[in-house]
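Trainee: I have a structure open and want to learn how to read its features. Can we take them one at a time?

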Amino acid sequence: MDISQKLISCSDKVIQQFLRKLDSEKLAVLMAYHLSDEATDCILRNMSERAQESVLKEREEFKQVAVTYEKLLDQTAKDFS
């Protein structure tokens with residue numbers, strides 16, 4: 001069972017305890033690269049609006065970094081070929 005499936009199967013109480021153990025940066029990375037939309041929804045419904053906005057902004061920043069580095073790697077491989 002992957003982490004998305006585990007989160008989906010957890011109660012809100014368990015998810016809230018899990019969230020207390022993570023800092024926002026780790027949560028944003030987790031959401032950006034490892035969670036399904038359904039698991040992300042489980043996380044977000046257990047956060048305040050303000051916390052949701054913050055973690056979603058961080059998640060988008062991590063996604064953008066990944067896209068930027070992927071393009072750089074593609075260009076480097078193309079140049080090397």
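Mentor: Start with packing. This is a predicted model. Take helix α4, residues 37-44, whose buried residues are Ala 39, Thr 40, Cys 42, Ile 43 and Leu 44.

Trainee: What covers the buried residues of α4?

Mentor: The cover includes α1 (3-9), α2 (12-20), α3 (24-33) and α5. Now turn to α3. Its buried residues are Leu 27, Ala 28, Leu 30, Met 31 and Ala 32. They pack against α1, α2, α4 and α5.

Trainee: How should I read the spacing of buried positions in a helix?

Mentor: An α-helix has 3.6 residues a turn, so residues three or four places apart point the same way. In α3, compare Leu 27 with Leu 30, both on the buried list.

Trainee: Which contacts does Leu 44 make beyond its neighbours in sequence?

Mentor: Leu 44 lies in helix α4. Leu 44 counts as buried because its relative accessibility is 13%, under the 20% cut-off. Leaving out residues up to four places away, Leu 44 touches Met 31, Gln 52, Val 55 and Leu 56.

Trainee: Where is Met 47, and what does Met 47 touch?

Mentor: Met 47 sits in the loop between α4 and α5. At 16% relative accessibility, Met 47 is buried. Not counting residues up to four places away, its contacts are Leu 19, Leu 27, Gln 52 and Val 55. Check the backbone too. The C-alpha atoms of Met 47 and Gln 16 are 8.0 Å apart, with their places 31 residues apart along the chain.

Trainee: And Leu 19, from the other side of that contact?

Mentor: Leu 19 belongs to helix α2. Its relative accessibility is 14%, so it counts as buried. Beyond four places in sequence, Leu 19 touches Leu 27, Ile 43, Asn 46 and Met 47. For a contrasting distance, look at Asp 74: its C-alpha atom is 36 Å from that of Leu 19.

Trainee: Next, charges. How many salt bridges does the structure hold?

Mentor: The general idea: side chains of opposite charge can pair when their charged atoms come close. This structure holds two salt bridges. One joins Arg 45 and Asp 12, with the closest N and O atoms 3.0 Å apart. That pair links distant parts of the chain, 33 residues apart: Arg 45 is in the loop between α4 and α5, and Asp 12 is in helix α2. Asp 12 is partly exposed, at 32% relative accessibility.

Trainee: Which residue pairs with Arg 59?

Mentor: Glu 60 is the partner, with the closest N and O atoms 3.4 Å apart. Look at burial on each side. Arg 59 counts as buried at 16% relative accessibility. Glu 60 is partly exposed, at 40%.

Trainee: What of a buried charge without a salt bridge?

Mentor: Look at Glu 58, in helix α5. Glu 58 is buried and has no salt bridge. The nearest side chain of opposite charge is Lys 57, 9.2 Å away. The cut-off for a salt bridge is 4 Å, so that pair does not qualify.

Trainee: Which side chain makes a polar contact with that of Glu 58?

Mentor: Ser 24 does, at 2.9 Å. Setting aside neighbours within four places, Glu 58 is in contact with Ser 24, Glu 25 and Ala 28. Just there, at the start of α3, note Asp 23 as well. A side-chain oxygen of Asp 23 reaches to within 3.1 Å of the backbone nitrogen of Glu 25.

Trainee: Which backbone atoms does the side chain of Ser 4 reach?

Mentor: Read the atoms, not just the residue names. Ser 4 lies in helix α1 and is buried, with a relative accessible area of 4%. Its side chain reaches the backbone oxygen of His 34 at 3.4 Å. It also reaches the backbone nitrogen of Ser 36 at 2.8 Å. Beyond four places in sequence, Ser 4 is in contact with His 34, Leu 35, Ser 36 and Ala 39.

Trainee: Last, the surface. Which residues make the nonpolar patch?

Mentor: Val 65, Tyr 69 and Leu 72 make a nonpolar surface patch of about 310 Å². Leu 72 is in helix α5, which spans residues 49-80.

Conventions
Residues numbered from 1 in each chain as written. Predicted model: local features only at pLDDT ≥ 70, side-chain atom pairs only at ≥ 80, totals over all residues. Heavy atoms only, no water. Patch = residues over 30% accessible without salt bridge, like charges linked within 9 Å, V, L, I, M, F, W, Y side chains within 5 Å. Areas by Shrake-Rupley, 256 points an atom, 1.4 Å probe, with all protein chains shown as cover. Helix = DSSP H or I, 4+ residues; strand = E, 2+ residues; numbered from the N terminus. Buried < 20%, exposed > 50% of the residue type's maximum accessible area, 1.4 Å probe, protein only. Lys, Arg positive; Asp, Glu negative; His and termini not counted. Polar contact = N/O pair within 3.5 Å; in protein donor to acceptor, adjacent residues only side chain to side chain. Contact = heavy atoms within 4.5 Å.
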